[in-house]
Amino acid sequence: MQTHISENLQEVQWVKELFPERSGYLDVYDHYKLLGERSVFAHGVHLCDDECARLAEAGSAVAFCPTSNFFLGSGLFNLPMAEKHQLNVGLGTDVGGGTSFSLLQTLNEAYKVMQLQGARLSPFKSLYLATLGGAKSAAPGRQDRHPAAGHRCRLSGPGLQRHAPAQLSLEAGQ
């Protein structure tokens with residue numbers, strides 16, 4: 001299942017009005033048994049610490065959509081908080097509110113999100129979010145779709161065809 005969560009403050013308030021008996025936005029999904037390894041929640045800009053912990057506990061994932069969040073003025077996704085709880089996070093371009101389908105442009109915006117929060121987004125973490133982070137978020141149980149040591153992969157990008165093949169090593173998330 002893929003849906004939105006806590007994208008902007010008005011949305012969070014609206015969900016409280018629709019479901020006053022629930023303790024929060026995430027609790028609505030949790031109440032209806034919609035959290036789990038096959039659940040991806042886009043945005044998560046206004047998640048609190050407890051909600052990140054619950055998402056991680058359930059094995060759910062968040063799609064970090066910085067181009068959309070900047071364009072709509074939604075706020076800044078707190079990647080360090082998500083990482084503190086070992087929440088699965090992948091990069092999202094958001095077809096509805098995003099300004100680009102390019103993962104490179106989206107990573108450019110993700111870098112800015114981190115800088116505005118006084119945090120760092122390394123090139124390796126960027127590559128992870130755009131590749132394996134997304135794969136683990138979308139298909140957590142499908143190990144055949146997750147690169148591992150000794151597996152081959154094909155990389156494409158500007159200027160890569162001009163360079164000789166190289167052996168790359170990437171530790172997840174570093």
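The secondary structure of this protein comes to eight helices and four strands, as seen in a predicted model. Read from the start of the sequence to its end, these elements follow the pattern β-α-α-β-α-β-α-α-β-α-α-α. Of the 174 residues in the protein, 40% are buried, and among contacts with a separation of 6 or more, 65% are accounted for by residues 24 or more positions apart. The protein exposes about 10600 Å², of which carbon and sulfur atoms supply 53%.

**The sheet**

The four strands form an open sheet in the order β1-β2-β3-β4, and the pairing is parallel. Because β1 (2-5) and β4 stand at the edges, each with a single partner strand, one side of each is left without a neighbour in the sheet. On average, and with direction ignored, neighbouring strands of this sheet are turned by 35° against each other.

The strand pairs, with examples of the residues that face each other, are set out below.

| Strand pair | Bridges | Example of partners |
|---|---|---|
| β1 and β2, parallel | four bridges | Gln-2 and Val-40 |
| β2 and β3, parallel | three bridges | Val-40 and Ala-61 |
| β3 and β4, parallel | four bridges | Ala-61 and Asn-88 |

Read across the table, the partners can be followed from strand to strand: Gln-2 stands opposite Val-40 in β2, Val-40 in turn stands opposite Ala-61 in β3, and Ala-61 has Asn-88 as its bridge partner in β4. A further path begins at Ala-42, whose bridge partner in β3 is Ala-63, and continues from Ala-63 to its bridge partner in β4, Gly-90.

**Strand β3 and its connection to β2**

Which residues of β3 point one way from the strand, and which the other way? Ala-61 and Ala-63 point one way, while Val-62 and Phe-64 point the other way, and all of them are buried. The chain reaches β3 from β2 (residues 40-43) by crossing through helix α3 (residues 49-58), and this β-α-β crossover is right-handed.

**Helix α7 against the sheet**

Helix α7 (residues 123-130) has Lys-125, Ser-126, Tyr-128 and Leu-129 as its buried residues. Seen down the axis of α7, these buried residues fall within an arc of 160°, so they line one face of the helix. The spacing fits a general rule: an α-helix has 3.6 residues a turn, so residues three or four places apart point the same way.

The buried residues of α7 pack against two strands, β3 (61-64) and β4 (88-91), and also against the helices α5 (79-84), α6 (103-116) and α8 (132-138). As for its placement relative to the strands, β3 and β4 are joined by four bridges and run parallel; α7 packs on the sheet, touching both β3 and β4, and the direction of α7 makes about 90° with that of β4.

Taken together, β3 is a strand with partners on either hand, being joined to β2 by three bridges and to β4 by four, and it is also among the elements against which the buried residues of α7 pack.

How values were computed. Residues numbered from 1 in each chain as written. Predicted model: local features only at pLDDT ≥ 70, side-chain atom pairs only at ≥ 80, totals over all residues. Heavy atoms only, no water. Buried < 20%, exposed > 50% of the residue type's maximum accessible area, 1.4 Å probe, protein only. Arc of directions from axis to C-beta. Contact = heavy atoms within 4.5 Å. Pairing = 2+ DSSP bridges. Axes fitted to C-alpha atoms, helices over the stretch in contact; angles between N-to-C directions. Right-handed = clockwise from strand over helix to strand, strands pointing away. Areas by Shrake-Rupley, 256 points an atom, 1.4 Å probe, with all protein chains shown as cover.
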